[in-house]
2 protein chains.
Amino acid sequence: MKEDKLAVLALGGNAILEAGEEATVETQMRNLERVFQHILPLLSFYPRLVLTHGNGPQVGNILLRNQVCHLEIPALPLDVCVAESQGQIAYLAMQAWDRVCRRSGTVVPMLSVITRTVVPKDDPSFSEPTKPVGSYYPEKKAKELERSEGWRFIEDVKRGGFRRVVPSPDVLRLVEEDQLSALCDRMEQPFILLCNGGGGVPVISTAEGYEGVEAVVDKDLASARLAQVLHADILIMVTDVEAVYLDFMSDSPRPLRNATGADMRRHSKEGHFPSGSMGPKVEAAARFVESTGRRTVITSAERLMDALEGRAGTTVE
Amino acid sequence: MKEDKLAVLALGGNAILEAGEEATVETQMRNLERVFQHILPLLSFYPRLVLTHGNGPQVGNILLRNQVCHLEIPALPLDVCVAESQGQIAYLAMQAWDRVCRRSGTVVPMLSVITRTVVPKDDPSFSEPTKPVGSYYPEKKAKELERSEGWRFIEDVKRGGFRRVVPSPDVLRLVEEDQLSALCDRMEQPFILLCNGGGGVPVISTAEGYEGVEAVVDKDLASARLAQVLHADILIMVTDVEAVYLDFMSDSPRPLRNATGADMRRHSKEGHFPSGSMGPKVEAAARFVESTGRRTVITSAERLMDALEGRAGTTVE
């Protein structure tokens, strides 16, 4: 089979659920359909499309339900909740994708695979967790959970509550990357392969096999790894802003149109990017570009096709 | 690539969680590892192994958590809960499988795919739901949910509560069956493809695409369909008894060693099999054998290899 161009596209969590929206099926389907309409034209250029996605609100809700019910039903740890969120979002994405295809009179199959991401056992984030997950707790409850579950919390003064923080370790590899690679080489084109939801279920490698860990893998860093091993022609990160901005928090943010990996790292060191959102994207872009010599584009769903032609977004190469 | 023998193996829910066991990760992993040790030798005979599984207790717990928390977080409908349970069980199965492989010094990759099953819109079960799901409610709460959610309930006198019943419609096809078929033809052997969890996420086909329905697909019937379209050499159903028994409820149940599809249907009509458990297996066996002329084996995990050699289990052909 002729191997046509392959893109890895990492979809920001906001593509599925925007801040403040309720996590109903209807809302998530509507958002996904909207985003997928912008993605559909991409398949003419990249008939092998690997789609990854965030899972913040979904896994937060699954965690919360587990916590609320823990006296009646054993609460499942974060790694299992991530796997559940992969199943949930994969299903909604397939449903939404099929509707978009139907409306446009095309048929492009989407296959959804549950995947795990191996993280370093000794990642410093295990002793200094910083990634907030789930809901807000009052101080008393937070202290209680610190004692009973060994969880760590940070206080969010603005929201007036305590929030659990978990490690966000770096990415070594995806457990299933060889199989994903074989799939990409052998599936009939065009196709979409959905995987690496929420950055993948975090596991560490032990003598007995893999062991799940209560952590959250950054989906952009895991997507950069995936793009590298799949020999992707491009890594695209779709987010809620049209481009990467310099001086983003200032009164006059400036869109960054073109940059090298080294530029991106330098800007990052200079503090141009908020660590929680754009930081990992910038690092992911730099890693992919530096290890492959290929291109990364960061933009919004609406400007996706413009960005590929250099008329919008941020291109790193 | 040489196409070696392909088996579809449907794993009963009890392989993951036995009646009365708490749904912790540890218990589910231990059960899965035990069952997978019995399945490992199968790969020498069927190096293309498609694994499907039940999800009763898992989806029941997910449903219950959704219901308990519905005032704080929108409760997701049953189809989405089935998708979540696919993600959960796929992850635990991959973890358990890798450990079993590691111990035996082999490497066989398991790939897990989220799948949907198309059911008939006009299936009679939609007006007469009979499949109990989730937990037991007191009468008052059940009546309330009948009014607010349109749910249907049956009274379980023995357990002293009301339980939601949902439709268990027949199987038309799996949405992803062409892709699963391509995968089975093209993946490097040996491999395990895990899919069709809980019988697949139930959907109906509409003009706009697929629409999720609040129902439960019988995993054995869906597995029979899958075995048929994958041109499987054998359909194996692993359950908690060693064979199909005639007069199962009597004082002297007799194991049925060999039967034709027609025999099975006749025994079924004569009321030999309890409808909830062995009934769908018998129907699935008859369908696969009659449509393909190939063999179905029903047995326990412990007797699996004996049953393939005709020294245990029930063989339908």
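Start at the side chain of Asp123(A): one of its polar atoms sits 2.9 Å from the backbone nitrogen of Asp170(A). Keep in mind as you look around that this is a predicted model. To find Asp123(A) along the chain, go to the loop that runs between strand E4 (116-118) and strand E5 (131-137) of chain A.

What else does the side chain of Asp123(A) make a polar contact with? Its partner is the side chain of Ser125(A), at 2.9 Å. If you skip residues up to four places away in sequence, Asp123(A) touches Pro169(A) and Asp170(A). So is Asp123(A) paired with an opposite charge or left without a salt bridge? Asp123(A) is buried and has no salt bridge. A salt bridge needs the two charged groups within 4 Å, and the nearest side chain of opposite charge, that of Arg287(A), is 8.0 Å away from Asp123(A).

Now zoom out to the pair of chains. Turn chain A by 180°, with a shift of 0.0 Å along the axis, and you can lay it on chain B with an RMSD of 0.0 Å. The two copies are therefore related as by a two-fold rotation axis. Both copies also use the same surface to meet: 100% of the contact residues of chain A turn up again in chain B.

How many residues take part in that contact? Chain A brings 53 residues and chain B brings 54 residues. Between them, chain A and chain B bury an area of about 4800 Å², and carbon and sulfur atoms give 60% of it. On the chain A side, the residues that lose the most area to chain B are Arg65(A), Tyr91(A) and Arg186(A), which together make up 15% of what that side buries.

Next, look at the contacts that cross from one chain to the other. There are 21 residue pairs in polar contact across the interface of chain A and chain B. The count of salt bridges between the two chains is four. For an example you can pick out, find Arg186(B) and Glu188(A), whose side chains meet in a salt bridge at 3.2 Å, N to O.

Which parts of chain A supply the side that touches chain B? Several elements each supply at least two residues, among them helix H2 (56-68), helix H5 (177-186), strand E3 (110-112) and strand E10 (201-206). Helix H3 (78-104) is on that list too, and H3(A) gives the most to this side of chain A, with 14 residues.

Terms used
Residues are numbered from 1 along each chain as its sequence is written. Chains are lettered from A and ligands numbered from 1 in the order in which they are written. This is a predicted model: local features need pLDDT of at least 70, side-chain atom pairs count only at pLDDT 80 or more; totals for chains, interfaces and linings use all residues. Side-chain values use heavy atoms; hydrogens and water are left out. Helices (H or I, at least four residues) and strands (E, at least two) are DSSP runs, numbered from the N terminus. Buried means under 20% relative accessible area, exposed over 50%, partly exposed in between (1.4 Å probe, protein chains only). Lys and Arg count as positive and Asp and Glu as negative; His and the chain ends are not counted. A polar contact is a pair of N or O atoms within 3.5 Å; within protein, one must be able to donate a hydrogen and the other to accept it, and residues adjacent in sequence count only if both atoms are side-chain atoms. Contact means heavy atoms within 4.5 Å. Copies are superposed by least squares on the C-alpha atoms of residues with pLDDT of at least 70 in both. Buried area is the accessible area (1.4 Å probe) that two parts lose on being put together, summed over both.
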